[in-house]
Amino acid sequence: MTVLDDLPHLVARMRAHGVRRLSSADDESALTLVLAPEVVSGPSPAAEISPPPSVTPVLSPEMGIFHPAGPVAERPVEQDEIVGFVEIGAVLLPVTAPRGGMLGHPLVEKGEVVGYHLSLFEIRHG
């Protein structure tokens, strides 16, 4: 049995857990899967759950373990300010504010595993 035999099961598990990118490598080979959004008929689910125009989501840069930076209380932030980190092994990727405004409480718990582009915070502005 090869990885290709398990591909349908692997893709189903990635979709079920909101994982859009998965990489694996050994001494002889490397495999990277990048999933396109699922095509659905009818109204787009993204349109139904989009935040109001006065709210901007702060998204995870990659799949990993979430760690907030600074106080977890609601607070003002500047554009490009580091508001958290996503841990991938020994690497910490910064989570930055895409714009200035009022940063809300984290939407996930410290130490929780997060998927690629999962909303970690919301920034209110107006």
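Two helices and ten strands: that is the content of this chain. Helices here are DSSP runs of H or I with at least four residues, strands are runs of E with at least two, and both are numbered from the N terminus. Read along the sequence, the order is α-β-β-α-β-β-β-β-β-β-β-β.

A word on what we are looking at. This is a predicted model, where local features need pLDDT of at least 70, side-chain atom pairs count only at pLDDT 80 or more, and totals for chains, interfaces and linings use all residues. Residues are numbered from 1 along each chain as its sequence is written, and side-chain values use heavy atoms, with hydrogens and water left out.

Overall numbers next. The chain has 126 residues, and 22% of them are buried. Buried means under 20% relative accessible area, exposed means over 50%, and partly exposed is in between, with a 1.4 Å probe and protein chains only. Now contacts, meaning heavy atoms within 4.5 Å. Take those between residues at least 6 apart in sequence: 52% join residues at least 24 apart.

Start at the N-terminal end. Helix H1 covers 3-16, strand E1 covers 21-25, and Val19 lies in the loop between them. Is Val19 buried or exposed? Val19 counts as buried, because its relative accessibility is 10%. Leave out residues up to four places away in sequence, and Val19 touches Met14, Leu35 and Met63. There is also a long-range approach. Val19 and Gly115 are 96 residues apart along the chain, yet their C-alpha atoms are separated by 5.2 Å.

E1 then pairs with strand E2, residues 30-34, in the antiparallel sense over five bridges. Pairing requires that DSSP finds at least two bridges between the strands. A hairpin of four residues joins E1 to E2. Within this pair, Ser23 stands opposite Thr32 in E2.

Now the four-stranded sheet. The sheet is open, its pairing is antiparallel, and its order is E7-E6-E4-E9. Strand E7 (91-96) and strand E9 (113-114) are the edges, each pairing on one side only. Inside, strand E4 (residues 64-68) meets strand E6 (residues 82-88) over four bridges, antiparallel. Pro68 has Gly84 in E6 as its bridge partner.

E4 also brings us to the aromatics. How many aromatic pairs does a search of the whole structure find? One. The rule is that rings of Phe, Tyr and Trp (its six-membered ring) pair if their centres lie within 6.5 Å; planes under 30 degrees apart are stacked, over 60 edge-to-face, the rest tilted. The pair is Phe66 and Phe121: ring centres are 5.8 Å apart and planes at 70°, so it is edge-to-face. Phe66 sits in strand E4 and Phe121 in strand E10 (residues 119-124), 55 residues apart, so to speak of distant parts of the chain being linked is fair. Both rings belong to buried residues.

Next, Pro106. Pro106 is in the loop between strand E8 (101-103) and E9. At 23% relative accessibility, Pro106 counts as partly exposed. Beyond its neighbours within four places in sequence, Pro106 contacts Phe66, Pro68, Val72, Leu120 and Phe121. Pro106 to Gly84 is 9.4 Å, C-alpha to C-alpha, with their positions 22 residues apart in sequence.

Pro106 also lines the largest cavity, along with residues including Pro68, Val72, Val83, Leu103 and Phe121. A cavity is a set of points on a 1 Å grid over the protein atoms alone where a 1.4 Å probe fits but cannot get out; lining residues have an atom within 4 Å of a point. The structure holds one cavity of 30 Å³ or more. Its volume is about 30 Å³, taken as the space filled by probe spheres set on the points, which are joined across faces, edges and corners. What is the lining by class? Nine nonpolar, one polar and one charged. Nonpolar is Ala, Val, Leu, Ile, Met, Phe, Trp, Tyr, Cys and Pro; charged is Asp, Glu, Lys and Arg; the others, Gly among them, are polar.

Last, backbone angles. Most residues other than glycine have a negative phi. Asp80 has a positive phi of about 70°. Asp80 lies in the loop between strand E5 (75-77) and E6, and counts as exposed at 53% relative accessibility. His117 has a positive phi too, about 65°. His117 is in the loop between E9 and E10, partly exposed at 43%.

Terms used: 1 Å grid on protein atoms, 1.4 Å probe; cavity = no way out; pocket = protein on both sides within 12 Å on 5 of 7 lines; lining within 4 Å.
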